[in-house]
Amino acid sequence: MAAPAHDPSTTLPALRPATLAVTAGRPPHEPDQPLNVPITMTSTYGATGDLEYARFGNPTWSAFEETLGALEGGRALAFASGMAAVTTILDLVGTGGSVIAPRHAYNGSVGALADAESRGRLRATLVDTSDTAAVIAALQQDEDCALLWLESPTNPALEIADIPALCAAAHELGIRVVVDNTFATPLLQQPLSLGADIVVHSATKYIAGHSDVLMGAIVVDDDEVYAALKGRRDLAGAVPGPFETWLALRGLRTLHVRLERAAANAAELARRLADHPAVAEVRYPGFGAIVAPVLAGGADAGDFLVRATSLWVHATSLGGVESTFERRRRWKVEPATIPEGLVRLSVGIEDVEDLWADLTQALDRINA
C-alpha cells in the first residue's frame with residue numbers, strides 16, 4: 001500500500017501547551033521543507049511587498065511571535081529587550097495619565113515609571129497588589145489612571161494578585177490591565193484568558209531559557225492595541241536581531257520540559273529550606289521555579305550564602321537552565337519593604353540533591 005500523502009486538512013482537538021510549544025511557527029509539512037524556520041539575515045527586502053524594510057518585520061520574528069502568541073492566546077510582538085517592551089507599553093499612557101503598579105516589582109519596570117514621572121510624562125502610584133481591596137480603592141480614587149500594571153508572582157517578594165478580580169474592577173473604570181508574566185510563563189498562567197489586555201515578557205528569562213539572549217515580547221488579543229504597539233516598535237526601532245529571535249524560539253520549544261524539572265526542584269527545595277534553622281521564612285507561591293528564603297541572619301547571612309557555594313551562581317538574572325541566586329537588597333533601588341535577608345533563588349534543572357547539598361553546606365556554616 002502506498003504511503004498516504006500528508007493531508008494539511010486533517011483536524012485534531014485543540015492542542016495542549018506542550019505540543020504548541022513544539023509545533024507552532026513551523027514551516028508547512030512538505031517535501032524538502034526544513035523543520036525549523038531559517039534565520040533570515042537581511043536589512044532590506046525587494047520593494048512593493050508586505051515587509052519593505054527589516055525594521056517592520058522578519059520571517060524569524062514571525063515564527064517566534066506565532067509560537068508565543070499561540071501559547072498566550074493572542075498576537076505577539078518581539079522586542080529587543082524586556083525593557084523595550086515595557087517602555088513601549090507605557091507609551092500607551094497619554095501625558096498626564098497615571099499608572100498603578102506593584103510596590104514590589106521588577107526594578108526595570110519601576111525605574112521606567114519613576115523616570116517618566118520625573119519628566120512629567122505620567123504619575124505612578126505603587127501599591128500592594130496582593131491586597132485586592134487596596135488596589136480597587138486606588139483605581140477608584142485615581143481619575144487619571146490609564147493603566148493597571150501587575151506582576152503575579154511579584155519580583156522578588158513572590159506575592160500573588162487576584163488577576164480576574166482586578167481586571168474586572170479596572171475595566172469597569174475604563175482602565176487597561178497589563179500583566180508581566182515572566183515568572184509564571186504561559187504554561188502556568190495565561191493572563192489574557194483571565195481578563196488582562198496586555199501580557200509582557202522578559203523573553204531573556206524562561207522563554208529563551210539559556211542565559212544567552214536579550215529579548216522581550218508583548219502579547220495582546222485586541223487588533224487596535226496590537227497596531228498601536230507595533231507602530232511604536234517600528235518607529236522606535238525596538239526590534240530584536242534575527243539570530244537572537246531564532247535562539248529564543250529554539251529555547252521556547254523546550255520550555256515545558258525545562259519548567260517541569262525546574263519547578264519540581266523548586267518545590268522540593270522550598271520544602272527543605274523551611275526546616276533549616278538558618279532560614280526564618282520561605283516565600284514560594286506553590287508554582288514556578290523561583291523561591292525566596294529569608295535568612296534569619298539578615299544581610300550578612302545572605303551575603304555569606306551567595307559567596308559560599310560552588311554550583312549556585314551569584315547572578316542577577318533568572319530563568320536559565322542553571323541555578324542562580326542573589327540577595328536582592330544589595331541593590332540600592334530595592335524597596336525597604338523587601339527583607340535584608342531575602343535571597344531570590346532561580347532554580348535550574350540540575351539534580352536537586354546536588355543543589356541541596358551545595359545550599360546546605362553553606363547554610364550550615366552560617367550558624368556554625
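Contact in this report means heavy atoms within 4.5 Å.

## Basis of the model

The structure is a predicted model, in which local features need pLDDT of at least 70, side-chain atom pairs count only at pLDDT 80 or more, and totals for chains, interfaces and linings use all residues. Residues are numbered from 1 along each chain as its sequence is written, and side-chain values use heavy atoms, with hydrogens and water left out.

Helices (H or I, at least four residues) and strands (E, at least two) are DSSP runs, numbered from the N terminus.

## The loop between β4 and α6

T154 lies in the loop between β4 (145-151) and α6 (163-172). T154 is buried, with a relative accessible area of 0%; buried means under 20% relative accessible area, exposed over 50%, and partly exposed in between (1.4 Å probe, protein chains only). Leaving aside residues up to four places away in sequence, T154 touches P102, H104, T129, E159 and F183. Its side chain reaches the backbone nitrogen of E159 at 2.9 Å. A polar contact is a pair of N or O atoms within 3.5 Å; within protein, one must be able to donate a hydrogen and the other to accept it, and residues adjacent in sequence count only if both atoms are side-chain atoms.

Most residues other than glycine have a negative phi, and most peptide bonds are trans. In this loop, a cis peptide bond joins S152 and P153, with omega about 5°, and another cis peptide bond joins N155 and P156, with omega about 5°. P153 and P156 both belong to the loop between β4 and α6. L158 is found there as well; its phi is positive, near 60°, and at 7% relative accessibility L158 counts as buried.

## Strand β6 and its partners

Strand β6 (residues 198-202) has five of its five residues buried, so it is largely enclosed by the rest of the structure. I198, V200 and S202 point one way from the strand, whereas V199 and H201 point the other way.

Strands are said to pair if DSSP finds at least two bridges between them. Strand β5 (residues 176-180) runs parallel to β6 and is joined to it by three bridges, and the bridge partner of D180 in β6 is V200. With strand β7 (residues 216-220), β6 pairs in the antiparallel sense over five bridges; here H201 stands opposite A217. The loop between β6 and β7 contains S211, a residue with a positive phi near 55°.

## The five-stranded sheet

An open sheet of five strands follows the order β8-β9-β12-β11-β10, with mixed pairing. The strands β8 (279-283) and β10 (313-314) stand at the edges, each with a single partner strand, so one side of each is left without a neighbour in the sheet. Strand β10 runs parallel to β11 (residues 324-327), to which two bridges join it, and V313 stands opposite T324 in β11.

Helix α10 (residues 255-273) packs on the sheet, touching β8, β9 (290-295) and β12 (343-346), and its direction makes about 15° with that of β9. Axes are lines fitted to C-alpha atoms, for helices over the stretch in contact, and angles run from 0 to 180 degrees between N-to-C directions. Helix α11 (residues 298-307) also packs on the sheet, touching β9, β10, β11 and β12; its direction makes about 155° with that of β11.

## Helix packing

Helix α2 (residues 59-72) and helix α9 (residues 242-253) pack at an angle of about 35°, with axes 9 Å apart. The contact involves T60, W61, A63, F64, T67, L68 and L71 of α2, together with P242, T245, W246, A248, L249, L252 and R253 of α9.

Helix α3 (residues 82-90) packs against helix α4 (residues 107-118) at about 40°, with the axes 10 Å apart. From α3 the contact is made by M83, V86, T87 and L90, and from α4 by G108, S109, A112 and L113.

## A buried arginine

R233 is found in helix α8 (residues 223-236) and counts as buried at 1% relative accessibility. The side chain of R233 reaches the backbone oxygen of A78 at 2.8 Å. Not counting residues up to four places away in sequence, R233 touches F56, W61, E65, L77, A78, F79, T88, A238 and V239.
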